[in-house]
Amino acid sequence: LCKPELVQMLMPPLIAKWNELDDSDRALFPLLECLTSISQALGPGFLDYTESVFARCLRFIERNLHAPTDAAETTLDGPDGEFVVCALDLTSGLCEA
């Protein structure tokens, strides 16, 4: 999979969807899982996308870990553990690649 022509065919639509979805959109879950597999399969071919994907994963984790503090001020029920787990999985996949 780590052929430049395949990376160019596969990644732009995935990253476009990644950029399109809001941070709280639950449609991100399958995309996070997909990007985890893709990052591991592409290895060095994913390098151009690593920085922005990693930064957003950290934002998901941080936002959800701070959610209990913010919950007193809003109507949130607390952190969404699924966001944290999916973001950690993708972060782990980036490290393995």
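**Helix 3 and its aromatic and charged contacts**

In this predicted model, helix 3 (residues 47-65) has 19 residues, which at 1.5 Å a residue should span 27 Å, and the C-alpha atoms at its ends lie 27 Å apart, in agreement with that expectation. The expected span is 1.5 Å times one less than the number of residues, and helices are DSSP runs (H or I, at least four residues) numbered from the N terminus. Because the model is predicted, local features need pLDDT of at least 70 and side-chain atom pairs count only at pLDDT 80 or more, whereas totals for chains, interfaces and linings use all residues. Residues are numbered from 1 along each chain as its sequence is written, and side-chain values use heavy atoms, with hydrogens and water left out.

Within helix 3, Tyr-49, Val-53, Arg-56, Cys-57, Phe-60, Ile-61 and Asn-64 are buried, where buried denotes under 20% relative accessible area, exposed over 50%, and partly exposed in between (1.4 Å probe, protein chains only).

A search of the whole structure yields four aromatic pairs, defined for rings of Phe, Tyr and Trp (its six-membered ring) with centres within 6.5 Å, planes under 30 degrees apart being stacked, over 60 edge-to-face and the rest tilted. The ring centres of Phe-29 and Phe-83 are 4.6 Å apart and their planes stand at 50°, so this pair is tilted; it links distant parts of the chain, with Phe-29 in helix 2 (residues 28-42) and Phe-83 in helix 5 (residues 81-96), 54 residues apart. Phe-29 is buried at a relative accessible area of 7%, and Phe-83 is buried at 2%. One aromatic cluster is formed by Trp-18, Phe-29, Phe-60 and Phe-83.

Two arginines are placed over rings of this cluster (CZ of Arg or NZ of Lys within 6 Å of the ring centre and within 35 degrees of the ring normal). Arg-56 lies over the face of Trp-18, 4.8 Å from the ring centre, while the charged end of Arg-63 sits over the ring of Phe-83, at 5.3 Å from its centre.

Four salt bridges are counted, each requiring a side-chain nitrogen of Lys or Arg within 4 Å of a carboxyl oxygen of Asp or Glu. Asp-23 and Arg-56 meet in one of them (2.7 Å, N to O), which connects the loop between helix 1 (4-20) and helix 2 to helix 3 across 33 residues. Both Asp-23 and Arg-56 are buried. Asp-23 also forms a salt bridge with Arg-59 (2.7 Å, N to O), and Arg-59 is partly exposed, with a relative accessible area of 42%.

Definitions and conventions
Helices (H or I, at least four residues) and strands (E, at least two) are DSSP runs, numbered from the N terminus.
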